[in-house]
Amino acid sequence: MHTDAVLFDVDDTLCRYRRTGDELLAVAFERTGLDPFITLAEYHGRYPEFVDDSDSVADLRERCFAAIAAEKGRDPEAGRRVARAYADERDHGDVEPTAGLDAALSALDDLPLGVVTNGAPKMQSAKLAALGLADAFDVVVHAGYDAPAKPSPAPFREALSALDARPERTYHVGDSLSSDVAGARAAGVGAVWLTGGEPAAAPDEEPNPDPDPEPDHAIATLAELSGVLGR
Ligand SMILES: [Mg+2]
């Protein structure tokens with residue numbers, strides 16, 4: 001089948017932060033002078049509760065850290081301060097490409113390529129620039145900013161229209177079942193799930209054997225992308 005275009009998520013699909021959440025959290029506590037009373041596992045465990053009502057990851061983190069603080073008999077403001085220090089410490093240019101990224105992009109270099117990311121424009125362009133991909137994509141849709149956030153089909157439709165691509169002949173590649181796979185399906189776009197990147201999943205967890213929603217293809221690294229797209 002002829003493919004019109006391929007879309008990509010950014011975080012944990014094109015790249016990952018070099019500095020882990022554990023490292024940042026330790027620095028955030030150090031900077032605020034508080035004893036470390038929140039673990040990354042607690043944060044990741046509570047994270048899904050705040051996704052629906054948060055405007056941004058920074059907002060989500062503040063509310064989540066405040067809730068954990070309150071639960072532990074701490075001042076919620078202390079949790080918010082740690083969350084703000086965490087956000088301050090994060091360098092969005094300090095990212096590394098995910099495995100197989102170069103090979104995947106060179107195999108697709110004759111196709112229109114787009115990005116559909118739930119991330120602030122400034123933050124995501126710092127990442128693309130650091131990866132040397134500032135001009136690699138024909139369209140970048142910052143969902144949640146230029147359009148409603150994934151899994152809304154709206155940001156996918158915006159990318160399709162910019163690329164003049166038909167949904168049934170377009171694929172979206174992303175690590176999140178709940179935003180990438182669900183959103184692509186809602187827009188009628190083929191979904192390629194990069195396994196193992198769900199934010200709430202432990203790093204050593206096996207990929208979900210029964211993913212919901214179901215992707216059209218599941219790949220462990222981007223090196224497998226051109227193969228599943230039949231190129
Ligand atoms: Mg992602």
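**Reading the terms off this structure**

Q: Is the crossing of helix 3 and helix 4 right-handed or left-handed?
A: The crossing of these two helices is right-handed. A crossing earns that name if the near helix is turned clockwise from the far one by less than a right angle, and left-handed if anticlockwise. Helices here are DSSP runs of H or I with at least four residues, strands are E runs with at least two, and both are numbered from the N terminus.

Q: What kind of model is this, and how are its residues numbered?
A: It's a predicted model, where local features need pLDDT of at least 70 and side-chain atom pairs count only at pLDDT 80 or more, while totals for chains, interfaces and linings use all residues. Residues are numbered from 1 along each chain as its sequence is written.

Q: How close do the axes of helix 3 and helix 4 come, and at what angle do they cross?
A: The axes of helix 3 (residues 57-71) and helix 4 (residues 76-89) come within 7 Å and cross at roughly 145 degrees. Those axes are lines fitted to C-alpha atoms, for helices over the stretch in contact, with angles from 0 to 180 degrees between N-to-C directions. Among the residues making the contact are Phe65 and Ala69 of helix 3, and Gly79 and Val82 of helix 4. Two residues are in contact if their C-beta atoms, placed from the backbone, lie within 7 Å.

Q: Why is Gly79 called buried?
A: The rule is that 20 or more other C-beta atoms within 10 Å make a residue buried, 12 or fewer make it exposed, and anything in between is partly exposed, with C-beta atoms placed from the backbone. Gly79 has 26 such neighbours, so it is buried. Gly79 sits in helix 4, and its contacts beyond four places in sequence include Ile38, Phe65 and Arg74.

Q: What makes Asp102 partly exposed?
A: Asp102 has 14 other C-beta atoms within 10 Å, so it falls between the two cut-offs. This residue belongs to helix 5 (residues 101-107). Its C-alpha atom is 9.6 Å from that of Leu14, although 88 residues separate them along the chain.

Q: How do you know whether Asp164 is buried or exposed?
A: Count its neighbours: Asp164 has 10 other C-beta atoms within 10 Å, so it is exposed. You'll find Asp164 in the loop between helix 7 and strand 6, with a positive phi near 55 degrees. Most residues other than glycine have a negative phi.

Q: Why is strand 7 described as largely enclosed?
A: In strand 7, 5 of the 5 residues are buried, so the rest of the structure largely encloses it. Gly190, Val192 and Leu194 cover one side, Ala191 and Trp193 the other.

Q: How do you know that strand 6 and strand 7 pair?
A: Two strands pair if DSSP finds at least two bridges between them. Strand 6 (residues 170-174) and strand 7 (residues 190-194) have 4 bridges, in the parallel sense, and Tyr171 stands opposite Gly190. Both strands belong to an open sheet of 6 strands in the order 5-4-1-6-7-8.

Q: What makes strand 5 and strand 8 edge strands?
A: Strand 5 (139-142) and strand 8 (217-219) each pair on one side only.

Q: What is the omega of the bond between Asp212 and Pro213?
A: Omega is about 0 degrees, and that peptide bond is cis. Pro213 lies in the loop between strand 7 and strand 8.
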